[in-house]
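The following questions and answers examine one protein structure, moving from single residues to helices, cores and aromatic rings. Please consult the sequence and the structure while reading.

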Amino acid sequence: MDGELRMGRLRWWHLTAVARMERVVFGPEAWSEGLLWTELAAGHDYRAVFDADRVVGYAGVALGGHEAWINNIAVDPERRRRGVATMLMDDIVARARAAGAKAVFLEVAVDNEPAQRLYDRYGFYGIGVRKNYYQFTGTDAAVMRMDL
């Protein structure tokens, strides 16, 4: 049985577990622990969903001006389809609105249909394609926008 899930701020001491999850979820496109450190140091807002003290999902967003950019979002494969991604997305949208953003943007691999279905539920729509965006696999990225 799953424990109670809670949302909290991602801290530097969570980054080893997050980097491990990145490798499982994104394979060769995973962000390194060092890159995740850089994201936190740059002031990007990262939140995590915890089951007890274990990170089961996380998301990062850059908030600036009237825009918010989702940097990354991932859920432990063993915890998918249990509301973790919805918790993360609800939190991102709420924080973007509170910061005065008028739109949220993201890039998603064109072959990542589960993620695209999640974004569709939130009202994201395609605005372009970045060819060969993911450098290790050469996969294109769909650029998506959601108006707030």
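Q: Is Val56 buried or exposed?
A: A residue is called buried under 20% relative accessible area, exposed over 50% and partly exposed in between, using a 1.4 Å probe and protein chains only. Val56 lies in strand E3; strands (E, at least two residues) and helices (H or I, at least four) are DSSP runs, numbered from the N terminus. With a relative accessible area of 0%, Val56 is buried.

Q: On what basis are such values given?
A: The model is predicted, so local features need pLDDT of at least 70 and side-chain atom pairs count only at pLDDT 80 or more, while totals for chains, interfaces and linings use all residues. Residues are numbered from 1 along each chain as its sequence is written, and side-chain values use heavy atoms, with hydrogens and water left out.

Q: Which residues are in contact with Val56, leaving aside its neighbours within four places in sequence?
A: Contact means heavy atoms within 4.5 Å. By that criterion, the partners of Val56, leaving aside neighbours within four places in sequence, are Leu5, Met21, Val49, Phe50, Asp51, Val75, Asp76, Arg79 and Val84.

Q: How far apart are the C-alpha atoms of Ala17 and Val56?
A: Ala17 belongs to helix H1 and, at 31% relative accessibility, is partly exposed. Along the sequence, Ala17 and Val56 are 39 residues apart. In space, their C-alpha atoms are separated by 9.4 Å.

Q: What is the distance between the end C-alpha atoms of helix H1?
A: The expected span of a helix is 1.5 Å times one less than its number of residues. For the twelve residues of H1 (residues 15–26), this gives 16 Å. The model agrees, since the end C-alpha atoms are apart by 15 Å.

Q: Which residues of H1 are buried, and why do they count as being on the same side?
A: An α-helix has 3.6 residues a turn, so residues three or four places apart point the same way. The buried residues of H1 are Leu15, Val18, Ala19, Met21 and Glu22. They lie on the same side of H1 because they cover an arc, taken from the directions from the helix axis to the C-beta atoms, of only 160°.

Q: Which elements do the buried residues of H1 pack against?
A: On the other side of H1, Arg23 and Val24 are exposed. The buried residues of H1 pack against helix H2 (33–41), strand E3 (54–64) and strand E4 (67–75).

Q: Which backbone nitrogen lies 2.8 Å from a polar atom of the side chain of Asp76?
A: Asp76 is in the loop between E4 and helix H3 (84–98), and at 10% relative accessibility it counts as buried. Not counting residues up to four places away in sequence, Asp76 touches Met21, Arg54 and Val56. The backbone nitrogen 2.8 Å from its side-chain polar atom is that of Glu78.

Q: Which element gives the largest share of the largest nonpolar core?
A: A nonpolar core is a set of buried Ala, Val, Leu, Ile, Met, Phe, Trp, Tyr and Cys residues joined through side-chain atoms within 4.5 Å. Of the 26 residues in the largest one, Ile70, Met89, Tyr119 and Phe124 touch the most other members. Elements giving two or more residues include E3, E4, strand E5 (103–109) and helix H4 (113–121). The largest share, six residues, comes from H3.

Q: Are the rings of Tyr133 and Tyr134 stacked or edge-to-face?
A: Rings of Phe, Tyr and Trp (its six-membered ring) pair if their centres lie within 6.5 Å; planes under 30 degrees apart count as stacked, over 60 as edge-to-face and the rest as tilted. Tyr133 is partly exposed at 36% relative accessible area, whereas Tyr134 is buried at 19%. Their ring centres are 5.0 Å apart and their planes are at 90°, so the pair is edge-to-face.

Q: Which residue in strand E6 has a positive phi of about 50° although it is not a glycine?
A: Strand E6 covers residues 125–134. The residue in question is exposed, at 53% relative accessibility. Its phi is positive, about 50°, and it is Asn132.

Conventions
Polar contact = N/O pair within 3.5 Å; in protein donor to acceptor, adjacent residues only side chain to side chain.
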